[in-house]
Amino acid sequence: MRYIISGKNIEITKALREATIDKLSKMDKYFTPDNEAQITMSVQKLRHIIEVTIPIKGSIIRAEESAENMYTAIDKVVDVLERQLLKHKNKLISRQHSAGTFKNDFVNETMEEDLDDKKIEIVRTKRFAMKPMDIEEACLQMDLLGHDFFVFMNSDTEEVNVVYKRKNGTYGLIEPTL
């Protein structure tokens with residue numbers, strides 16, 4: 001796997017680069033050599049944050065973790081990525097899809113800890129009428145309801161959009177592309 005490492009408010013030293021690649025290379029056995037991991041490290045106040053994104057066929061494996069030092073954040077993000085790979089593996093097995101960008105051994109290999117062996121179960125379905133509104137009104141509605149996200153019909157584009165509250169208190173918008 002190829003690694004693209006970038007930094008925001010932090011200098012990526014040789015030791016930090018090597019430690020990151022060393023920890024993430026444990027997962028090389030699951031990916032083909034042409035896969036690419038995009039790693040962004042940043043420092044905000046006293047928090048060291050690492051984001052890892054690995055695009056795969058039809059999906060994305062992504063994790064973001066923060067800690068008091070970057071080396072601890074790297075360890076935490078590797079744990080999250082391994083859990084996501086396990087979930088993805090179980091999904092591949094249950095749907096009997098080909099591995100795509102994964103090596104064939106990945107799907108057949110049994111991992112020691114199948115943490116998420118549960119089937120996905122939908123326990124509630126909600127239906128509601130969507131009146132057209134602008135993005136600001138949707139954010140206000142979301143805040144009034146006390147939710148972290150809000151689905152609405154965008155009056156400008158006439159498409160279904162989602163606004164959501166980000167960890168840092170700002171808002172995000174999800175728009176469909178076809």
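1. Let's start with the outward side of helix α4. Glu136, Leu140 and Leu144 are exposed there, on the face turned away from the helix's buried side. Two of the names on that face are leucines, Leu140 and Leu144, so do look at them in the viewer above. Please keep in mind throughout that this is a predicted model.

2. Now turn α4 over. Ala138, Cys139 and Met142 are its buried residues. They sit on the same side of α4 because the arc they cover around the axis is only 100°. What lies over these buried residues? The cover includes the strands β5, β6, β7 and β8.

3. That cover fits with how the helix is placed. Helix α4 spans residues 135–145 and lies across β5, β6, β7 (160–165) and β8. Relative to β6, α4 runs at about 150°. Just after the helix comes Gly146, with a positive phi of about 75°.

4. Next, the sheet under α4. Its 4 strands follow the order β5-β6-β7-β8; the sheet is open and its pairing is mixed. Which strands stand at the edges? They are β5 (132–133) and β8 (171–174); each has a single partner strand, so one side of each is left without a neighbour in the sheet.

5. It is worth walking through the pairings one at a time. β5 and β6 (residues 149–154) run parallel and are joined by 2 bridges. Here Met133 is found opposite Asn154 of β6. Between β6 and β7 the direction is antiparallel, with 5 bridges, and Phe152 faces Asn161 in β7. β7 and β8 are also paired in the antiparallel sense, over 4 bridges; in this pair Val163 has Leu173 of β8 as its bridge partner.

6. The two hairpins deserve a quick look as well. The hairpin of β6 and β7 has 5 residues between the strands, and Glu158 takes a positive phi near 60° in it. In the hairpin of β7 and β8, with 5 residues between the strands, the residue with a positive phi is Gly169, near 95°. If you are checking backbone angles by eye, Glu158, Gly169 and Gly146 are good places to stop.

7. Helix α1, at residues 14–24, can be read in the way we read α4. Which residues of α1 are buried? They are Leu16, Ala19, Thr20 and Leu24. These residues lie on the same side of α1, since their arc around the axis is only 120°. On the face turned away from that buried side you will find Lys14 and Asp22, both exposed.

8. Finally, the wider view. The protein has 4 helices and 8 strands, and along the sequence they come as β-α-β-β-β-α-α-β-α-β-β-β. The last part of that pattern, β-α-β-β-β, holds the elements discussed in points 2 to 6: strand β5 at 132–133, helix α4 at 135–145, then β6 at 149–154, β7 at 160–165 and β8 at 171–174.

9. A few totals to close. Of the 178 residues, 31% count as buried. Among contacts with a separation of 6 or more, 40% come from residues 24 or more positions apart. The accessible surface is about 12,300 Å², and carbon and sulfur atoms account for 50% of that area.

Key. Residues numbered from 1 in each chain as written. Predicted model: local features only at pLDDT ≥ 70, side-chain atom pairs only at ≥ 80, totals over all residues. Heavy atoms only, no water. Buried < 20%, exposed > 50% of the residue type's maximum accessible area, 1.4 Å probe, protein only. Contact = heavy atoms within 4.5 Å. Areas by Shrake-Rupley, 256 points an atom, 1.4 Å probe, with all protein chains shown as cover. Pairing = 2+ DSSP bridges. Axes fitted to C-alpha atoms, helices over the stretch in contact; angles between N-to-C directions. Arc of directions from axis to C-beta.
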